[in-house]
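Take a look at the protein below. We will walk through it step by step, from single residues to the whole chain.

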Amino acid sequence: MRELRQLVPFAIAIVLAIAALPLPAAIPIVLPLVIAAAISRAMRGRTWNEVSHGGASRAAIGALAGGAALAFAAVIGTQSLVVLYSGQAGDHVLAITDLAGATQGVSVIVVGTIALAMIAFATELALRGWIVERVLELSPGAPTLPILVGAIAEALVTPGDPPTRIAAAIFGAGLGWIYVAGGRSVVAPAFARIVFQCGAFLLEALRLV
């Protein structure tokens, strides 16, 4: 599979192309991203099981990290992250709940939280389980570059102004470090993202209900 390592720049180019797609609000950008990731891994005979191993302990660590990040963003004052993942992700979720026919406050929150959790997990499969993992295969002893590439990819697929993209890159870098430190498994970063994004969405939804 050595020759397939040369395809890493093409993976980055795919992220750039997907980031430029004018998708409807009900279609999260992660959908074409995770499809591209699945095709790429299938071409190399790899399965998602290789990057989704680990049990409840990894999930718990990730959830604690996500909760701590949300508390830091909400209480200490880095509101850009809360706005980023309650507003931007909330737009996708509200469009999805409209398609699902959820019109009441509680049903919107329940359906929206489930949809957001699924989007969050798929995002980690694509960004950490594909992009970061591909770069790690090229430089297994130097995790800094893979984490940085994953953070840049996070910023590229996040719509918004430069401060919002910078906040996304910081968030992505943290998730990348969790991915590497957690034995190259998406379980911990996925649960960190799920808790952070769902928590931000719930805070915003409860404020508006």
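Start in a loop. R184 is partly exposed, because its relative accessibility is 27%, and the limits for that class are 20% and 50%. R184 lies in the loop between α7 and α8. Now check its backbone. Most residues other than glycine have a negative phi. R184 is not a glycine, yet its phi is positive, at about 60 degrees.

Step back for the overall plan. This is a predicted model. The protein has eight helices and zero strands. Read from the N terminus, the order is α-α-α-α-α-α-α-α. The protein has 209 residues, and 46% of them count as buried. Its exposed surface comes to about 10,000 Å². Carbon and sulfur atoms supply 74% of that surface.

How do distant parts of the chain meet? Consider the contacts in the protein with a separation of 6 or more. Residues 24 or more positions apart account for 72% of them.

Some pairs of residues show this on a small scale. Begin with A200, which sits in helix α8, residues 187–208. Is A200 buried or exposed? Its relative accessibility is 1%, so A200 counts as buried. The cut-off for buried is under 20%. Now find A71. A200 and A71 are 129 residues apart along the chain. Their C-alpha atoms are separated by 9.7 Å.

Move to helix α3, which spans residues 56–76. A60 is found there. With a relative accessible area of 39%, A60 is partly exposed. Its partner for our purposes is A188. These two residues are 128 positions apart along the chain, and 7.5 Å separates their C-alpha atoms.

Helix α5 gives one further pair. This helix covers residues 105–138, and V110 belongs to it. V110 has 44% relative accessibility, so it counts as partly exposed. Look for L202 next. V110 and L202 are 92 residues apart along the chain. The distance between their C-alpha atoms is 9.4 Å.

Now look at how two helices pack. Two packed helices are described by the angle between their axes and the distance between the axes. Take helix α6, residues 144–156, and helix α7, residues 162–181. Their axes come within 7 Å. They cross at roughly 140 degrees. Are they parallel, antiparallel, perpendicular or oblique? Angles over 145 degrees count as roughly antiparallel, and those from 65 to 115 as roughly perpendicular. The crossing angle of α6 and α7 therefore makes them oblique to each other. Their crossing is right-handed.

Which residues make this contact? On the α6 side, they are I147, A151, E154, A155 and L156. On the α7 side, they are R165, A168, A169, F171, G172, A173, G176, W177 and V180. Sort them by class, and the contact has ten nonpolar, two polar and two charged residues.

Methods:
Residues are numbered from 1 along each chain as its sequence is written. This is a predicted model: local features need pLDDT of at least 70, side-chain atom pairs count only at pLDDT 80 or more; totals for chains, interfaces and linings use all residues. Side-chain values use heavy atoms; hydrogens and water are left out. Helices (H or I, at least four residues) and strands (E, at least two) are DSSP runs, numbered from the N terminus. Buried means under 20% relative accessible area, exposed over 50%, partly exposed in between (1.4 Å probe, protein chains only). Contact means heavy atoms within 4.5 Å. Accessible areas come from the Shrake-Rupley method with a 1.4 Å probe; for residues, only the protein chains shown count as cover. Axes are lines fitted to C-alpha atoms, for helices over the stretch in contact, and angles run from 0 to 180 degrees between N-to-C directions. Angles under 35 degrees count as roughly parallel, over 145 as roughly antiparallel, 65 to 115 as roughly perpendicular and the rest as oblique. A crossing is left-handed if the near helix is turned anticlockwise from the far one by less than a right angle, and right-handed if clockwise. Ala, Val, Leu, Ile, Met, Phe, Trp, Tyr, Cys and Pro count as nonpolar, Asp, Glu, Lys and Arg as charged, and the others, Gly among them, as polar.
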